[in-house]
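Here is a short report for a reader new to this structure. Please look over the sequence and the model first.

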Amino acid sequence: MASEATQAVDSSTLWGGGRSPFSVSYGKMMMWFFLVSDALTFSGLLVAYGYARHAYTGDWPIGEQVFYSLPFLSGKYPLIYVALMTFILIISSVTMVLAVEAGHRKDDRGVIKWLGWTIVGGFFFLGSQAWEWSHFIHGTAGYILTPDNAKYYLTEEIPQGMVAADVADFGLIANKGAEDETRITGQRAVEIYNTKTIHVQGANMTINEYGPPQYGNFFFFITGFHGFHVFSGVVINIIIFMQVLKGVYRRRGHYEMVEKTGLYWHFVDLVWVFVFTFFYLI
Amino acid sequence: MERDDLIVNDSYALNNTHSEEQGVEIRKKIVKVTVLLSVITAIEVGLGIMIKQGTTLWPVVKWSFIVMTLIKAFYIVAVFMHLGDERKSLRYVIILPYALFIAYLLFIGITESNYLNDIWLRFKP
């Protein structure tokens, strides 16, 4: 590959200045150092999530039972949507590495094509995440608490502007998940529903229908922080894309800027791989 | 031991460009890793749907998820971020401090949370 492949370098030249001992430019090394610090932040968040989950003595929600919806479809498709998001991000990572590869061959058109697709992939991912957040926040039928602090899950969602009595097949599930799980229907279910102190649907920062409040908080913080990284990655990609169009890097003689943004973009994909496993799968 | 005073692979240096043949070679590698990452993700999703949490098989599946995630992470870092093509000294400067901190953080997090869980269960009213 390189012409100087077997050339020994005197260590006083190597570490004594004049040449990067790591054989990388200042900018690329600093990008790596930044990524290490950012990786520590994300690891801290995921370990904190694991800490909260391990310490919690009740039932922690399971990913496939919370995330099972697809847009425009009403059935249950556990994990399919998140898998799709993961796939979008992996593919955009691939197009990014192809852009970097084209840059090393000084192939302008290749860089423009692949970087363009990377930006498209980034927007797709952000759109998917917006839909998922919206779904998580609005939720499903939810549950109610009665004055004696009993918890009943609703079997049917009550549409806006209607009351429980109007809903056909309205029912409640008592002691959900336990041995003595029972289903209450008809007039009795409506009576219990009307004594409720609170009807929890979807999620907010203090309470959610899926599990303990920390679950919602970690969902918002971890996926939100990651989504913010994706958003800034898309913005940086667009800036670099415009620079390539203007021929800045052709004049500069190298496309290292594409490589450095590429490092950041792959890192975003890398984080999602871990979020996918530890938040959704396990 | 690998000698660090040799410039083993400087193909990503600023003053170096790749030839068309090198490009073909690199793209082949990219396609291979893409297929691998997609297949692993598909296996993960399939297992996640089929094996329910709390069954006897679940602990095996859980650990296989973690192993598969680490394999994916390795390929993203080594090939897509081509850290595998960088010099040994840079590889260690990036990986070692991170791995040390996280190993410690994981240890302390798991130990403390298990202890808390224990205490809360014991003193539950």
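What distance separates the centres of domain 1 of chain A and domain 2 of chain A, taken over C-alpha atoms? The separation is 39 Å. This is a predicted model. Domain 1 of chain A has two stretches, 24-139 and 209-281. Domain 2 of chain A covers 143-200.

**A helix pair in chain A**

Helix α7 of chain A takes in residues 213-246, and helix α9 of chain A takes in residues 256-281. Two packed helices are described by the angle between their axes and the distance between the axes. For α7(A) and α9(A), the angle is about 160 degrees and the axes lie 10 Å apart. Angles over 145 degrees count as roughly antiparallel, so α7(A) and α9(A) are roughly antiparallel to each other. The crossing of α7(A) past α9(A) is left-handed.

Which residues meet between α7(A) and α9(A)? From α7(A) come Ile222(A), Val230(A), Gly233(A) and Ile240(A), among others. From α9(A) the list includes Tyr264(A), Trp265(A), Trp272(A) and Phe279(A). By class, the contact of α7(A) with α9(A) has 13 nonpolar and seven polar residues. It has no charged residues.

**A glycine in α9**

Gly262(A) also sits in helix α9 of chain A. Is Gly262(A) buried or exposed? Gly262(A) has 28 C-beta neighbours inside 10 Å. The cut-off for buried is 20 or more, so Gly262(A) counts as buried. Leaving aside residues up to four places away in sequence, Gly262(A) touches Met96(A), Val97(A), Ala99(A) and Val100(A). Gly262(A) and Ala99(A) are 163 residues apart in sequence. In space, they are 8.3 Å apart, C-alpha to C-alpha.

**Two residues with positive phi**

Each chain offers a residue other than glycine with a positive phi value. They are set out below.

| Residue | Phi | Place | C-beta neighbours inside 10 Å |
|---|---|---|---|
| Phe72(A) | near 70 degrees | loop between α3 (63-66) and α4 (80-104) of chain A | 5 |
| His82(B) | near 35 degrees | loop between α2 and α3 of chain B | 21 |

Why is Phe72(A) exposed? A residue with 12 or fewer such neighbours counts as exposed, and Phe72(A) has 5 other C-beta atoms within 10 Å. His82(B) has 21 C-beta neighbours inside 10 Å, so His82(B) counts as buried.

**Chain B and its contact with chain A**

Chain B has three helices and zero strands. From the N terminus on, its elements run α-α-α. Chain B has 125 residues, and 17% of them count as buried. Consider the contacts in chain B with a separation of 6 or more. Residues 24 or more positions apart account for 66% of these contacts.

How many residues of chain B are in contact with chain A? The number is 56, and they meet 54 residues of chain A. On the side of chain B that touches chain A, α1 (20-50), α2 (58-80) and α3 (88-122) each supply at least two residues. The largest share, 17 residues, comes from α3(B). By class, this side of chain B divides into 29 nonpolar, 17 polar and 10 charged residues.

Conventions
Residues numbered from 1 in each chain as written. Chains lettered and ligands numbered in written order. Predicted model: local features only at pLDDT ≥ 70, side-chain atom pairs only at ≥ 80, totals over all residues. Contact = placed C-beta atoms within 7 Å. Helix = DSSP H or I, 4+ residues; strand = E, 2+ residues; numbered from the N terminus. Nonpolar A, V, L, I, M, F, W, Y, C, P; charged D, E, K, R; others polar. Domains from an automatic or database assignment. Axes fitted to C-alpha atoms, helices over the stretch in contact; angles between N-to-C directions. Parallel < 35°, antiparallel > 145°, perpendicular 65-115°, else oblique. Left-handed = near helix turned anticlockwise from the far one by under 90°.
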